[in-house]
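Thank you all for coming. I would like to walk through one structure this morning, beginning with the chain as a whole and then moving to a few local sites.

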Amino acid sequence: VGGSHLQDSFRSRFFRMGVRAPSRLLELASQSLLQNEALAIAALEELPIELFPPLFTAAFAGRHTQALKAMVQAWPFPCLPLGALMKDHQPHLETFQAALDGLDILLAQEVRPRRWKLQVLDLRRNAHQDFWTVWSGIKASVCSLLEPEPAQPMQKRRRVEGSKAGPRPARAPVEVLVDLCLKEDTLDETLSYLLKKAKQRRSLLHLRCQKLRIFAMPMQSIRRILKVVQLDSVQDLEVNCTWKLATLGRFVPHLGRMGNLRRLLLSHIHVLPHSAPDQEEHCVGQLTAQFLNLLHLQELYLDSISFLEGRLHQVLRCLKTPLETLSITNCLISESDLTYLSQCPSVSLLKDLGLSGVNLTSLNLEPLQVLIERTSATLQDLDLDECGIMDPQFSALLPSLSRCSQLTTFSFCGNPISMAVLESLLHHTVGLSKLSHVLYPAPLESYEDVRGTLHLGRLAQLHARLKQLLCESGRPSMVWFSANPCPHCGDRTFYDPEPILCPCYMPA
Ligand SMILES: *[C@@H]1O[C@H](CO)[C@@H](O)[C@H](O)[C@H]1NC(C)=O
Ligand SMILES: *[C@@H]1O[C@H](CO)[C@@H](O)[C@H](O)[C@H]1NC(C)=O
């Protein structure tokens, strides 16, 4: 293509509009340039960097695969936030492949092009939302990672670069950032393609995954995928697969290599009814041994884990860091577990403590009292829903609760508590200036019978009484009641401040 003709054409399309031209004009110009894809590709060498993003957007939306490929190979910014673009324009497999192919071809070459700056290909949908709009002239500021070299007149830039010695050598690997959610038997095609490329260019293309969610997928596939992920990049891991303990055992070697993990959620791990105790012991030991490697863990969620009873000490003593969040839900635990929990070094700075769905009915709650007291300087969120806590146990917790000066949220619905004890709670928490969200159980007196039929008139009276008490203490605020699940449909009636009834409620 004749250089001067090309430049003229290019100038007439872009330069006269100026860089700050309204986005609509940039869009039109980009589309018009893309009508001749070969011309657009040839123009890249001289294209001011400010025009890359609008041209790239137009090429992506219009599925101009050749232009996309060429633009990735000339990308003049450190980061290409492709994920944000894929959010607005439903990714077409071919366009995605073209972008990746562009990168792949380039990585295979020894020498990188003059203006190419790409270090990070970001496929996360919610990262760098602003990039594309900023560079389309809609917004004025740009985050520094994405800042290009200051725009200079082209002649001058060429002279500066011409004075540098030789071509640029091959550089550090390009990072591809992606959040993975593994939940099908088969992977979607874009992910498969990405994994294939990452596997082929292992040393030059690093797959980094901050958030990893594993729902349902055969272990074999999980292991095949994790082989190409840089496991030290995982910071947030959720595993919720209804696994047997032995299956978890096959996964934990990967866990141990996630040394930067900050948040770990394990849900639905069960032990087979007649499994051998020493086998079980072995698997739990494997898991806890990996905890020793998690030196940055801050949040631990254990939900529906059937091997926890009598073993909490084994799990928690391997934690090397103070936790901010500890949530143990829908599990069985013993009194000795609770005692260990109250003494465990890792929980002294807790901000969130959750024990919902843990049956505490028959346990001595003194250790819980000790735990609440130990964490009273930091605790912000306490969740004791559905613990089966009764009046005397709850009353014993109140003095320690009254010391939790940072507490903002307290939820304890689904516990059989009387009105007198709710009133006592109000007295004990009146000095907690940050406490703004409390979800109370509907008091015992608001039920008609043991089956849990609500008496709405009485519920209204009790609600009014609590509100009045709060008002009198100078802390007027909402009182949210949550009733036990309806015996027929399982829905809960809420009261805030009018009743929100379950569908089958029939007035008595
Ligand atoms: C685990 O997945 C189930 C559905 O499969 C869901 O109901 C549950 O809330 C999930 N658990 C957690 C802790 O996310
Ligand atoms: C809680 O445990 C007690 C006995 O320890 C039992 O009677 C009660 O049914 C349990 N509650 C639930 C909801 O499982």
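Of the 508 residues in the chain you see here, 49% are buried, and I should say at once that this is a predicted model. The chain holds 19 helices and 18 strands. If we take the contacts between residues at least 6 apart in sequence, 78% of them join residues that are at least 24 apart. As for the surface, the chain exposes about 23,500 Å², and 53% of that area is supplied by carbon and sulfur atoms.

Let me turn to one helix, α10, which runs over residues 189-200. With its twelve residues it reaches 17 Å from the first C-alpha to the last, which is close to the 16 Å expected at 1.5 Å a residue. Which residues of α10 are buried? They are Thr-190, Leu-191, Tyr-193, Leu-194, Leu-195, Lys-197 and Ala-198, and what covers them includes two helices, α7 (93-108) and α11 (219-226), together with the strands β3 (174-177), β4 (180-182) and β5 (205-208).

Lys-197, one of those buried residues, leads us to Asp-104, which lies in helix α7. Asp-104 counts as buried because its relative accessibility is 7%, under the 20% cut-off. The side chains of Asp-104 and Lys-197 make a polar contact at 3.3 Å, and, if we leave aside neighbours within four places in sequence, Asp-104 is in contact with Lys-197 and Arg-201.

A second buried position is Leu-55, in helix α4, residues 52-61. Why does Leu-55 count as buried? Because its relative accessibility is 1%, again under 20%. Not counting residues up to four places away in sequence, Leu-55 touches Ser-30, Leu-33, Leu-34, Leu-44, Leu-47 and Met-71. Leu-55 and Ala-40, for their part, are 15 residues apart in sequence, with their C-alpha atoms 9.0 Å apart in space.

Now to the ligands. Ligand 1 is surrounded by Asn-240, Leu-265, Ser-267 and Asp-303, a shell that by class has one nonpolar, two polar and one charged residues. Asn-240 places a polar side-chain atom 2.3 Å from an oxygen atom of ligand 1. On its own ligand 1 has 360 Å² of accessible area, of which the protein covers 38%.

Around ligand 2 we find Asn-359, Thr-361 and Ser-362. A polar side-chain atom of Asn-359 is 2.4 Å from an oxygen atom of ligand 2, while for Ser-362 the corresponding distance, again from a polar side-chain atom to an oxygen atom of ligand 2, is 3.1 Å. Taken alone, ligand 2 exposes 360 Å², and the protein buries 27% of that.

I will finish with two backbone angles. Ser-304, in strand β10 (residues 299-305), has a phi near 50 degrees, which is a positive value in a residue other than glycine. Glu-386, which is not a glycine either, has a positive phi of about 55 degrees. Where is Glu-386 found? It is in the loop between β13 (381-383) and α17 (391-401). Glu-386 counts as partly exposed because its relative accessible area is 32%, a value that falls between the 20% and 50% cut-offs.

Conventions:
Residues are numbered from 1 along each chain as its sequence is written. Chains are lettered from A and ligands numbered from 1 in the order in which they are written. This is a predicted model: local features need pLDDT of at least 70, side-chain atom pairs count only at pLDDT 80 or more; totals for chains, interfaces and linings use all residues. Side-chain values use heavy atoms; hydrogens and water are left out. Helices (H or I, at least four residues) and strands (E, at least two) are DSSP runs, numbered from the N terminus. The expected span of a helix is 1.5 Å times one less than its number of residues. Buried means under 20% relative accessible area, exposed over 50%, partly exposed in between (1.4 Å probe, protein chains only). Contact means heavy atoms within 4.5 Å. A residue is near a molecule or strand if one of its heavy atoms lies within 4 Å of it. A polar contact is a pair of N or O atoms within 3.5 Å; within protein, one must be able to donate a hydrogen and the other to accept it, and residues adjacent in sequence count only if both atoms are side-chain atoms. Accessible areas come from the Shrake-Rupley method with a 1.4 Å probe; for residues, only the protein chains shown count as cover. Ala, Val, Leu, Ile, Met, Phe, Trp, Tyr, Cys and Pro count as nonpolar, Asp, Glu, Lys and Arg as charged, and the others, Gly among them, as polar.
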